[in-house]
Amino acid sequence: MDAGLLKQLGINQDQVVQGSQKQFPSYFDSARDKAQTIILNRVAKEFYPDPPHWAIPEEQLHRVFESYSLTGNWRKTNRQLGICRHGKKEISINFGHVNMTEEQCYRTIVHEYIHALQYLIFNTSGHDKQFWFYLHLCVPTLNKHLEQRIIK
Ligand SMILES: [Zn+2]
């Protein structure tokens, strides 16, 4: 929409949701690939000469990536960045989030993949000690309390 007209109507540009915003952002594929790579590198047994007890076979990690589909949500929000739905085997990323960036997208995908891994491999869910252990292997968490509120 024309910026001058929006101003006249008292509408901010960011309040206007356009059809084109329903496309995955251009950085999406690289954020997903980077997330899968870091999980494989840090968690897969095959990458350790003497695998620690918590290491997981690469094949099982690939099963996690294949089992959960990545979808998007484009509603304007300042709340959730993403959610992992085990029933639908779906990870939804909120591209409408005011703080969504390539880095945030990458971190959110890692977070949700750890939930998927936890559920498929250990049959557990939620932000328990094991969840934070695997997440911290892959990415540092700046604020655990904030993160568990905004990334489900
Ligand atoms: Zn979470």
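In this predicted model, an open sheet is built from 3 strands in the order β1-β3-β2, and its pairing is mixed. Because β1 (69-73) and β2 (82-85) each have a single partner strand, both stand at the edges, and one side of each is left without a neighbour in the sheet. From one strand to the next, the twist averages 20 degrees.

The pairing of β1 with strand β3 (residues 90-94) is parallel and is made by 5 bridges; within the sheet, Asn73 stands opposite Asn94 in β3. Helix α4 (residues 102-122) packs on this sheet, where it touches β2 and β3, and the direction of α4 makes about 20 degrees with that of β2.

A second packing arrangement involves helix α2 (residues 28-43) and helix α3 (residues 58-67), whose axes lie 10 Å apart at an angle of about 155 degrees. Since angles over 145 degrees count as roughly antiparallel, α2 and α3 are therefore roughly antiparallel to each other, and α2 passes α3 in a right-handed crossing.

The residues that meet in this contact are listed by helix below.

| Helix | Residues in the contact |
|---|---|
| α2 | Gln36, Ile39, Leu40 and Val43 |
| α3 | Glu58, Leu61 and Phe65 |

By class, the contact of α2 with α3 has 5 nonpolar, 1 polar and 1 charged residues; the polar residue is Gln36 and the charged residue is Glu58, while Ile39, Leu40 and Val43 in α2 and Leu61 and Phe65 in α3 count as nonpolar.

Technical notes:
Residues are numbered from 1 along each chain as its sequence is written. This is a predicted model: local features need pLDDT of at least 70, side-chain atom pairs count only at pLDDT 80 or more; totals for chains, interfaces and linings use all residues. Two strands pair if DSSP finds at least two bridges between them. Helices (H or I, at least four residues) and strands (E, at least two) are DSSP runs, numbered from the N terminus. Axes are lines fitted to C-alpha atoms, for helices over the stretch in contact, and angles run from 0 to 180 degrees between N-to-C directions. Two residues are in contact if their C-beta atoms, placed from the backbone, lie within 7 Å. Angles under 35 degrees count as roughly parallel, over 145 as roughly antiparallel, 65 to 115 as roughly perpendicular and the rest as oblique. A crossing is left-handed if the near helix is turned anticlockwise from the far one by less than a right angle, and right-handed if clockwise.
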